[in-house]
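Visitor: I would like to learn how to read a few features of a model like this one. Could we go through them in turn?

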Amino acid sequence: MAASTVTIASSYATPSSPYRASPLSSTPPQTLPFRRRSSLRPVSAVAVPEKVEKLGEDIGNLTLIEAKGLVDLLSDRFGISPASLAPAAVADPGGGAAVADAAAEVVEKTEFDVVIEEVPSSNRIATIKVVRAITNLALKDAKDLIEGLPKKFKEGVSKEEAEDMKKQLEEVGAKVSIN
């Protein structure tokens, strides 16, 4: 622990000037010892062996480059990755019910995209009519939608709507998929 000194000039009233001290007082400055780090250790609720405590202090004093080297070494030697130490990896007291619920939510999709994959040239006019009826697009916009396939026809619709659109388009000969 390196000790530094701090110099404090006195600024209290002296007998010669009862109200305030002059800026150039004749009193000598006082020197007090100042330590950068306290020698007191934080109190821990868990007793830790001295070897582990020293290791923790050594890790805390590493530079960023040294810390990265330590992470790489642990990854190579023991297969430990920073992601494996993340708080999300802590065991769930609910027995994994939260993970099962999250998986069920992912499986249950509520919004679907209707994609027109292909329209045979003989069925283009009938397909354009169905597209106009479903989307209320102008003739030119519906025609542009049919060209350059595959294209998303509708985005973010319910499953029932997507199935209905797919049925109408397939009746006129278009190949449609729901994503």
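**Strands, a helix face and a surface patch**

Guide: Let us begin with pairing, where Ile116 of strand β3 stands opposite Lys151 in β4; helices (H or I, at least four residues) and strands (E, at least two) are DSSP runs numbered from the N terminus, and two strands pair if DSSP finds at least two bridges between them. This is a predicted model, in which local features need pLDDT of at least 70 and side-chain atom pairs count only at pLDDT 80 or more, while totals for chains, interfaces and linings use all residues. Residues are numbered from 1 along each chain as its sequence is written, and side-chain values use heavy atoms, with hydrogens and water left out.

Visitor: How many bridges join β3 to β4?

Guide: Strand β4 (residues 151-157) runs antiparallel to β3 and is joined to it by 4 bridges. Strand β5 (residues 175-178) also pairs with β3 in the antiparallel sense, over 4 bridges, and there Ile178 is the bridge partner of Val114.

Visitor: How many residues of β3 are buried?

Guide: Buried means under 20% relative accessible area, exposed over 50%, and partly exposed in between (1.4 Å probe, protein chains only). In β3 (residues 112-118), 5 of the 7 residues are buried, and the strand is mostly covered.

Visitor: Which residues of helix α5 are buried?

Guide: In α5 (residues 139-146) they are Ala142, Leu145 and Ile146. Seen down the axis, they fall within an arc of 100° (taken from the directions from the helix axis to the C-beta atoms), so they line one face of the helix.

Visitor: Is Leu55 buried or exposed?

Guide: Leu55, in helix α1 (residues 50-60), is exposed, with a relative accessible area of 52%.
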